[in-house]
Amino acid sequence: MRKIRVLTAFLFFLLPAFVTGQGISLVEKASSRGISLYWDPLSETGMLEKNGHHISFRAGQDYVIQDYQSFLDEKAPYLKDGELLASTSFINTVDNFFDLNNAASSPVIGAILIDPGHGGKDPGAMAEYTVDGKKVTVREKDICLNIGLKLRDYLQKAYPDKRILMTRSTDVYLKLEERTDIANSVELKENEAILYISIHVNSSLDQSASGYEVWYLSPGYRRQVLDKQVSDDINVQSILNDMLEEEYTTESILIAKLVLDGIGTQVGALSKSRGMKEEEWFVVRNSKMPSILVETGFLSNAEEAKLLMDDEYLKKLAIGMYNGLQAFVTHFERSRGFTGVK
């Protein structure tokens, strides 16, 4: 199972460049080995990072956590007179871990799954308008598929080495659980990540409502994202799951922001941004990966519906989504999976 490496659980600060006193100076040892050391003095938690891999610890505990996936029975660094010190055994563990997990195994985005909403017998939102004297029925499912296919083509051209997948590429019906099952069943290498983007069209009783928005899973919603038992200790298992869950939430927020900005750059004054929002959508809450849901506009708004019937406008939406995803992929891979939200 692939895990995206990202620092989210705590606010960390760089330690000063020196630590004195008895024991081995963790700062000096980390610096000499090209390892970044982060430390939160309030929670007494720290993290060592190199080439996208991490060792997390709480001062004085009897175990450390490796890449948010597994724990190791190793005495964590400890505080003495306000100084952070480590044992020889811990230093050797750190060296061995980072030697085994070198830059060649740095995290990458291995797959992107595009989910055009609705389909088949489920048309989604619908509206009827007169265009050139003829009545035209506009269906959400058709707009979503149109945008999804365009986005797929842009991503495939840019990333021939990545798997660009779709929950549906034709007018077929899929249950909500089938969509997330597809996402969660994608096989990935140990250092690969997958992103999930669901595309929809809005509708409202208020016919003046307009604009596009990007949703992500509410941080308050708790889910089981760790799909394998890595510890018999229930508390440790829960800690690892919480850390990974917060990791996915942070990445989803960043993707949402980048996609929102990407769409805004493309559509300009044609439509307005309604911003980023959080909700517990089924297709998002059941996916075990960074996930967003894009509402591209309102079919209930006559002016916006005309835009959503315009193929050139749909290209702008698809390019905006592509630019947002591309920005995240570039940032993620250049930072070796070390991602945060400002």
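## A lysine to start with

Which residues does Lys162 touch, not counting residues up to four places away in sequence? The list is Ile109, Gly110, Val329 and Glu333. Keep in mind that this is a predicted model, and that goes for every value below.

Lys162 sits in the loop between helix 3 and strand 13 (163–166). Is this lysine buried or exposed? Lys162 counts as buried because its relative accessible area is 10%, which falls under the 20% cut-off. Its side chain also has a polar partner: a polar contact at 2.6 Å links the side chain of Lys162 to the side chain of Glu333. Another of the residues Lys162 touches, Val329, is on the list of buried residues of helix 8.

## The chain as a whole

Stepping back, the chain has 342 residues, and 52% of them count as buried. Its secondary structure comes to eight helices and 17 strands.

If you look at contacts in the chain with a separation of 6 or more, 72% of them are between residues 24 or more positions apart. A couple of individual pairs further down show what such a separation looks like in the model.

## Helix 8

Helix 8 runs over residues 311–334, which is 24 residues. From its first C-alpha to its last it reaches 34 Å, close to the 34 Å expected at 1.5 Å a residue. At the start of the helix, a side-chain oxygen of Asp310 comes to within 3.0 Å of the backbone nitrogen of Glu312.

Quite a few residues of helix 8 are buried, among them Tyr313, Leu314, Leu317, Ala318, Met321, Tyr322, Phe328 and Phe332. Two glycines, Gly320 and Gly324, are on that buried list as well. An α-helix has 3.6 residues a turn, so residues three or four places apart point the same way. That's handy to remember when you trace the buried positions along the helix in the viewer.

## Helix 3 and how it meets helix 8

Helix 3 covers residues 140–158. With 19 residues at 1.5 Å each step, helix 3 should span 27 Å, and its end C-alpha atoms are indeed 27 Å apart. Its buried residues include Ile143, Cys144, Leu145, Ile147, Gly148, Leu151 and Leu155. Some charged residues are on the buried list too, including Glu140, Lys141 and Lys150.

Two packed helices are described by the angle between their axes and the distance between the axes. Here the axes of helix 3 and helix 8 come within 9 Å and cross at roughly 50 degrees. That makes helix 3 oblique to helix 8, and the crossing is right-handed. On the helix 3 side, the residues that meet helix 8 include Ile143, Asn146, Ile147, Lys150, Leu151, Tyr154 and Leu155. Their counterparts in helix 8 include Asp311, Leu314, Lys315, Leu317, Ala318, Met321, Tyr322 and Leu325.

## Leu325 up close

Leu325, in helix 8, is a good residue to click on. It is buried, with a relative accessible area of 2%. Leaving aside neighbours within four places in sequence, Leu325 is in contact with Ile112, Leu151, Leu155, Leu195, Ile197, Ile255 and Val259.

How far apart are the C-alpha atoms of Leu325 and Leu155? They are separated by 8.9 Å, although the two residues are 170 residues apart along the chain.

## Two serines

Just past helix 8, in the segment after it, you'll find Ser335. Ser335 is partly exposed, with a relative accessible area of 21%. Its C-alpha atom is 8.4 Å from that of Asn51, even though their positions lie 284 residues apart along the chain.

Ser25 belongs to strand 2 (residues 24–25). Ser25 is buried, with a relative accessible area of 7%. Its side chain reaches the backbone nitrogen of Glu28 at 3.1 Å.

## Two positive phi values

Most residues other than glycine have a negative phi. Asp81 goes the other way, with a phi near 55 degrees. Asp81 lies in the loop between strand 8 (78–80) and strand 9 (83–86), and it is exposed, with a relative accessible area of 72%.

His118 also has a positive phi, of about 60 degrees, and is not a glycine either. You'll find His118 in the loop between strand 10 (108–116) and strand 11 (126–131). Unlike the exposed Asp81, His118 is buried, with a relative accessible area of 18%.

Note on methods:
Residues are numbered from 1 along each chain as its sequence is written. This is a predicted model: local features need pLDDT of at least 70, side-chain atom pairs count only at pLDDT 80 or more; totals for chains, interfaces and linings use all residues. Side-chain values use heavy atoms; hydrogens and water are left out. Helices (H or I, at least four residues) and strands (E, at least two) are DSSP runs, numbered from the N terminus. Buried means under 20% relative accessible area, exposed over 50%, partly exposed in between (1.4 Å probe, protein chains only). A polar contact is a pair of N or O atoms within 3.5 Å; within protein, one must be able to donate a hydrogen and the other to accept it, and residues adjacent in sequence count only if both atoms are side-chain atoms. The expected span of a helix is 1.5 Å times one less than its number of residues. Axes are lines fitted to C-alpha atoms, for helices over the stretch in contact, and angles run from 0 to 180 degrees between N-to-C directions. Angles under 35 degrees count as roughly parallel, over 145 as roughly antiparallel, 65 to 115 as roughly perpendicular and the rest as oblique. A crossing is left-handed if the near helix is turned anticlockwise from the far one by less than a right angle, and right-handed if clockwise. Contact means heavy atoms within 4.5 Å.
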